[in-house]
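Colleague: Could you zoom in on one part of this model for me and go through it slowly? I'd like to know what packs there and how that part ties into its surroundings.

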Amino acid sequence: MAGYESKNRTSRWISVAFLQGTEADAVLGLIDRTGASAAFDYLQPRDLGEATTNAALEDGYVYDRIPAGRTDHIIEHDGSPYALTYSRTYRYVSLLRWHPLETEIQPARPAPRRDDIWAAPRSARLAERTVTL
């Protein structure tokens, strides 16, 4: 994903995949046998891009930071937009993807017109503003 920065990011994390129970056991075994990179490779095809983003935003699976508890392991790949969290205690594996905030921002109102004197900077309005009620 172009533009990913691991430091000073203005972003959120969205859930791509969450496996628990026997589904998670298979991935946890993969991590034990071959390492976390194999788990990333196994779970990344579940990311369907915009469809995954939209589903996460609609369902509320969006986080300001990577969600994790005391028993969780967190792994981020340098230069990758993905993070993996897992817990052997609670038998789950989660893949998250970094998502920039800019795509979520919706303007509250349209931009002011150039000829609207009330939209001009305050310093430009002070000298010419006279209001009579």
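Modeller: Sure. When I say two residues meet, I mean that they have heavy atoms within 4.5 Å of each other. Keep in mind that this is a predicted model. The part I'd pick is helix H1, residues 22-34.

Let's start with its helical neighbour. The axes of H1 and H2 come within 7 Å and cross at roughly 140°. That makes H1 oblique to H2, because roughly antiparallel would take an angle over 145 degrees. Which residues of H1 meet H2? From H1 come Val 27, Leu 30, Ile 31 and Thr 34. On the H2 side they meet Ala 36, Ala 38, Ala 39, Tyr 42 and Leu 43. Sorted by class, this contact has eight nonpolar residues, one polar and no charged ones.

Now look at what H1 lies on. H1 lies across S1, S4 and S5, running at about 105° to S1. H2 packs on the sheet as well, where it touches S1, S3, S4 and S5. The direction of H2 makes about 110° with that of S4.

It helps to have the sheet in mind here. It is an open sheet of five strands in the order S2-S1-S5-S4-S3, with antiparallel pairing. S2 and S3 are the edge strands with a single partner each, so one side of each has no neighbour in the sheet. As a reminder, strands in a sheet pair through backbone hydrogen bonds.

S1, one of the strands under H1, covers residues 11-20. Seven of its ten residues are buried, so S1 is largely enclosed by the rest of the structure. S1 pairs with S5 (residues 92-100) in the antiparallel sense over nine bridges, and Ser 11 stands opposite Pro 100 there. Two bridges join S1 to S2 (residues 62-63), again antiparallel. In that pairing, the bridge partner of Trp 13 is Tyr 63.

Over at S4, residues 82-87, there are four antiparallel bridges to S3, residues 73-76. His 73 stands opposite Tyr 86 in S4. S3 and S4 form a hairpin with five residues between them, and Gly 79 in that turn has a positive phi of about 80°.

Back to H1 and the charged side chains. Side chains of opposite charge can pair when their charged atoms come close. The structure holds four salt bridges, and H1 contributes to some of them. Asp 25 forms one with Arg 91, with the closest N and O atoms 2.7 Å apart. Asp 25 sits in H1 and Arg 91 in the loop between S4 and S5, so the pair ties together parts that are 66 residues apart in sequence. Are these two residues buried, partly exposed or exposed? Asp 25 is partly exposed, at 31% relative accessible area, and Arg 91 is partly exposed too, at 35%.

Further along H1, Asp 32 forms a salt bridge with Arg 88, and here the closest N and O atoms are 2.2 Å apart. This pair also links distant parts of the chain, with Asp 32 in H1 and Arg 88 in the loop between S4 and S5, 56 residues apart. Asp 32 has a relative accessible area of 53%, so it counts as exposed, the cut-off being over 50%. Arg 88 counts as partly exposed, at 38% relative accessibility.

For contrast, take a salt bridge away from H1. The side chains of Asp 47 and Arg 97 meet at 2.6 Å, N to O. Asp 47 is in the loop between H2 and H3, Arg 97 is in S5, and the two are 50 residues apart. Both Asp 47 and Arg 97 are buried.

Zooming out, where does all this sit in the chain? There are four helices and five strands, and along the sequence they follow the pattern β-α-α-α-β-β-β-β-α. Buried residues make up 32% of the 133 residues. Among contacts between residues at least 6 apart in sequence, 67% join residues at least 24 apart.

To sum up H1: it lies across S1, S4 and S5, crosses H2 at roughly 140°, and supplies Asp 25 for the salt bridge to Arg 91 and Asp 32 for the one to Arg 88.

Technical notes
Residues are numbered from 1 along each chain as its sequence is written. This is a predicted model: local features need pLDDT of at least 70, side-chain atom pairs count only at pLDDT 80 or more; totals for chains, interfaces and linings use all residues. Side-chain values use heavy atoms; hydrogens and water are left out. Buried means under 20% relative accessible area, exposed over 50%, partly exposed in between (1.4 Å probe, protein chains only). Two strands pair if DSSP finds at least two bridges between them. Axes are lines fitted to C-alpha atoms, for helices over the stretch in contact, and angles run from 0 to 180 degrees between N-to-C directions. Angles under 35 degrees count as roughly parallel, over 145 as roughly antiparallel, 65 to 115 as roughly perpendicular and the rest as oblique. Ala, Val, Leu, Ile, Met, Phe, Trp, Tyr, Cys and Pro count as nonpolar, Asp, Glu, Lys and Arg as charged, and the others, Gly among them, as polar.
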